[in-house]
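Work through the exercises below with the sequence and the 3D view open. Try each task before reading its solution.

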Amino acid sequence: MKRLLHPLLGLTLLLTTTVFAQVNSSSFRDSYIKNIIIQIPNDLNPLLDLLKKKGFQIKFESPPRRGVYGLFQWKSKTLWISPISFEMGIGRQIILHEATHAAQSCPYGSFSPIGWKLPISQSIRNEVQANLLRNYVTSQYSIEEEAFYLQSQKNGVELLIEAINVRCR
């Protein structure tokens, strides 16, 4: 068992970047800050580095809006990625989703669709449509739909890097 565990641990460390993050919790009974370690897949590093190079801030902390796992504010060019999203196994998707909004905010500072025509399965399309109807106003549909579709793409990082390089000067 040890022989198998050591190579797996080494592979995990090689394929991820470790980030220390704080999780804020405030409830009626208690309020605390918990430090946690999150593992970010290394293939996301070029995207995160490019976002920083283009002037975006990336915060691995709870977003300032309750009930969301990620948030992008175009006025401050800030992406919030909740550390709990990594514990839930959706950290990658949240980064891709919020990075899509960052790309959509360029070059004008307001959101405009990038215009991707992405292949998507009917079941994912149905889930996205249900989510849009439940949680968003009609004017946000095209922006959010594009972000939800991108987060499910295997080549999402490459698509975002290309879009950010073209749109964000």
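The exercises that follow concern a predicted model.

**Exercise 1. The nonpolar core**

Task: Find which residues touch the most other members of the largest nonpolar core, and which helix gives the most to this core.

Solution:
- Step 1. The largest nonpolar core has 36 residues. Leu47, Leu51, Phe56, Phe60, Leu79, Ile95 and Leu160 touch the most other members.
- Step 2. Two strands and several helices can then be checked as contributors: strand 2 (31-41) and strand 5 (78-81), along with helix 2 (45-53), helix 4 (91-104), helix 5 (122-135), helix 6 (141-151) and helix 7 (156-167), give two or more residues each.
- Step 3. Helix 4 gives the most, with six residues.
- Step 4. Now take Ile95. Setting aside neighbours within four places in sequence, Ile95 is in contact with Ile40, Leu44, Leu47, Leu48, Phe60, Ile81 and Phe86.

**Exercise 2. The sheet**

Task: Work out the order of the strands in the open sheet of three strands, and which strands stand at the edges.

Solution:
- Step 1. The order is 3-5-4, and the pairing is mixed.
- Step 2. Strand 3 (57-59) and strand 4 (70-73) each have a single partner strand, so they stand at the edges, and one side of each has no neighbour in the sheet.
- Step 3. From one strand to the next, the twist averages 10°.
- Step 4. Strand 4 and strand 5 run antiparallel and are joined by four bridges. Across this pair, Phe72 stands opposite Leu79 in strand 5.
- Step 5. Helix 4 packs on the sheet, where it touches strand 4 and strand 5. The direction of helix 4 makes about 165° with that of strand 5.

**Exercise 3. Two helices**

Task: Decide whether helix 4 is roughly parallel or roughly antiparallel to helix 7.

Solution:
- Step 1. The two axes come within 9 Å and cross at roughly 20°.
- Step 2. Angles under 35 degrees count as roughly parallel, so helix 4 is roughly parallel to helix 7.
- Step 3. The crossing of helix 4 and helix 7 is left-handed.
- Step 4. In the contact, Arg92, Leu96, Ala99, Thr100, Ala103 and Gln104 of helix 4 meet Gly156, Val157, Leu160, Ala163, Ile164 and Arg167 of helix 7.

**Exercise 4. One residue**

Task: Is Val166 buried or exposed?

Solution:
- Step 1. Val166 is found in helix 7.
- Step 2. Its relative accessibility is 54%. Exposed means over 50%, so Val166 counts as exposed.
- Step 3. Val166 and Ala103 are 63 residues apart along the chain, and their C-alpha atoms are separated by 9.2 Å.

Conventions. Residues are numbered from 1 along each chain as its sequence is written. This is a predicted model: local features need pLDDT of at least 70, side-chain atom pairs count only at pLDDT 80 or more; totals for chains, interfaces and linings use all residues. Side-chain values use heavy atoms; hydrogens and water are left out. A nonpolar core is a set of buried Ala, Val, Leu, Ile, Met, Phe, Trp, Tyr and Cys residues joined through side-chain atoms within 4.5 Å. Buried means under 20% relative accessible area, exposed over 50%, partly exposed in between (1.4 Å probe, protein chains only). Contact means heavy atoms within 4.5 Å. Two strands pair if DSSP finds at least two bridges between them. Axes are lines fitted to C-alpha atoms, for helices over the stretch in contact, and angles run from 0 to 180 degrees between N-to-C directions. Angles under 35 degrees count as roughly parallel, over 145 as roughly antiparallel, 65 to 115 as roughly perpendicular and the rest as oblique. A crossing is left-handed if the near helix is turned anticlockwise from the far one by less than a right angle, and right-handed if clockwise.
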